[in-house]
Amino acid sequence: MNALLRTPLYDLHQALGARMVGFAGYAMPVQFAGVMAEHRHCRAAAALFDVSHMGQVILGGRGAAQALEALVPVDVAGLAPGRQRYGFFTNDAGGIEDDLMIANRGDHLLLVVNAARKASDLALLEGAMAGVEAVTDRALLALQGPGAAAALAALVPGAAAMRFMDVAVLDWDGAALWVSRSGYTGEDGYEISVPEDRAVDLAEALLARPGVLPAGLGARDSLRLEAGLCLYGQDIDEATTPVEAGLAWAIQKVRRRGGAREGGFPGAARILAELAEGPARRRVGLLPEGRAPMRAGVPLFASEDAAEPAGAITSGTYGPTLDRPVAMGYLPLAQSTPGTTVWGELRGKRLPLRVAPLPFHQPRYRT
Amino acid sequence: MKFTEEHEWLRIEGEQIVVGITEYAAEQLGDIVFVELPEPETQVAKGDEVCVIESVKAASDILAPLDGEITEINPALADNPALVNEDPQREGWFFKMQIDDPAVLDAFMDEDEYKEFIS
């Protein structure tokens with residue numbers, strides 16, 4: 001196995017007492033004080049996450065928006081300067097190659113992609129357009145929670161006026177911060193790209209603000225699950241379509257049937273048909289009725305004695321905010337209505353779960 | 001008190017042993033949210049999976065440290081699995097078992113040996 005890569009915050013994590021794990025080839029903090037405490041602190045105050053393992057990519061070529069629209073079923077050309085939008089690369093079968101954030105920064109686009117998909121995303125982009133540049137000299141921090149705005153605005157006053165999914169370049173002590181008001185926790189907050197040689201300074205300055213504590217990948221996962229957000233490789237992958245995954249909201253009208261730029265992305269035939277006619281299965285929220293968490297891979301059955309599984313759990317854990325186990329998974333349309341009882345097979349026993357609306361935790365974005 | 005390489009502690013209580021996990025193990029597992037305990041009056045063999053501990057992050061098995069019969073389980077863990085984090089070596093015990101041959105306890109580590117084992 002290759003040695004794990006380190007982010008610019010590696011030594012700081014060690015100094016803060018993090019437990020480190022390998023994730024997508026990087027040594028990352030999984031927890032500091034503990035997953036439960038970090039999760040609850042993020043919902044109550046503010047948590048600082050290192051997400052420098054994620055890929056940052058600049059698309060600077062002429063016509064980058066049009067070229068990107070050939071890879072994603074998203075309205076990129078209509079994305080206003082200073083705004084960001086969620087999207088996904090699709091494949092010819094209509095599956096998802098990766099999910100990403102797309103920001104219009106005036107004279108270029110900035111993408112943020114998943115760590116594990118960086119290399120394949122870059123190859124895909126470079127095959128489709130000129131002017132693709134991987135950003136390799138910047139760290140990425142996420143400051144999340146109801147206290148995030150006050151903490152960041154104390155350092156960078158311009159952050160306060162930003163709204164959900166705004167992006168801006170803000171100066172902090174001579175460093176250009178690429179800030180977006182967004183995140184992966186279901187809370188208000190920011191994602192901040194910072195030059196790598198200033199990353200520790202910025203992290204320490206944020207951690208010095210009242211109410212800001214470090215948090216690791218463990219809390220990031222339970223927070224995003226409660227917020228109903230997908231994890232690539234678990235809840236969405238090459239074999240799930242955006243419509244099955246409940247992500248049709250991210251496909252704007254202009255790319256749908258009858259839109260001015262209808263189709264023109266990989267897998268358009270299947271995805272547009274599913275948008276019109278409905279998918280055969282859907283991603284759903286699931287609430288196990290007992291206290292035992294049911295995790296990714298647990299097969300789901302339509303009845304207690306059904307012979308064949310109807311679907312499977314793709315993410316599951318204990319939800320600290322809800323104080324109960326929570327999960328997501330895929331079920332045929334017939335079983336996907338909230339309130340339906342299905343059965344998960346855990347350690348040889350069939351245990352009931354209730355299909356529930358997503359998200360479990362209502363997001364508190366500053367829209 | 002005796003200790004196993006699977007990070008269980010065994011406390012001798014008359015003809016029974018009380019079994020739980022060590023402070024070190026509880027710390028490594030993190031926040032425990034669910035414990036599945038065995039049925040009392042079950043015969044178990046050394047190495048059988050008798051409990052499942054679920055933390056926020058993952059599920060782990062607890063193995064029977066010895067052959068014997070499960071006589072009692074800790075009723076407090078059903079409502080408050082966090083007891084295992086708060087007081088792993090006392091209030092957070094898992095089960096008691098009647099063992100066939102108390103002499104086999106000699107094979108386990110004492111506290112000093114266990115401390116060396118985890119260091």
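This passage describes two interfaces in a predicted model, one between chain A and chain B and one between two domains of chain A.

Where chain A meets chain B, 15 residues of chain A and 13 residues of chain B take part in the contact. The two chains bury about 1,300 Å² between them, with 49% of this area on carbon and sulfur atoms. On the chain A side, 43% of the area buried against chain B is supplied by A:Arg19, A:Arg295 and A:Arg347, more than by any other three residues. Between the chains there are 5 salt bridges, and A:Arg19 forms a salt bridge with B:Glu27, in which the closest N and O atoms are 3.5 Å apart. Polar contacts between chain A and chain B number 11 residue pairs, counted where both residues have pLDDT 80 or more. Strand E3 (26-31), helix H2 (35-44) and strand E17 (311-319) of chain A each supply at least two residues of the side that touches chain B, and H2(A) gives the most, with 3 residues. By class, that side of chain A divides into 7 nonpolar, 3 polar and 5 charged residues.

Within chain A, domain 1 (5-52 + 136-226) and domain 2 (280-367) are distinguished, and their C-alpha centres lie 30 Å apart. The area buried between these domains is about 1,700 Å², of which carbon and sulfur atoms give 54%. In domain 1 of chain A, the residues that lose the most area to domain 2 are A:Phe164, A:Leu225 and A:Glu226, together 40% of what that side buries. Across this interface 2 salt bridges are found, and the side chains of A:Arg40 and A:Asp323 meet in a salt bridge at 3.8 Å, N to O.

Conventions: Residues numbered from 1 in each chain as written. Chains lettered and ligands numbered in written order. Predicted model: local features only at pLDDT ≥ 70, side-chain atom pairs only at ≥ 80, totals over all residues. Heavy atoms only, no water. Contact = heavy atoms within 4.5 Å. Buried area = accessible area lost by both parts, 1.4 Å probe. Salt bridge = Lys/Arg side-chain N within 4 Å of Asp/Glu carboxyl O. Polar contact = N/O pair within 3.5 Å; in protein donor to acceptor, adjacent residues only side chain to side chain. Helix = DSSP H or I, 4+ residues; strand = E, 2+ residues; numbered from the N terminus. Nonpolar A, V, L, I, M, F, W, Y, C, P; charged D, E, K, R; others polar. Domains from an automatic or database assignment.
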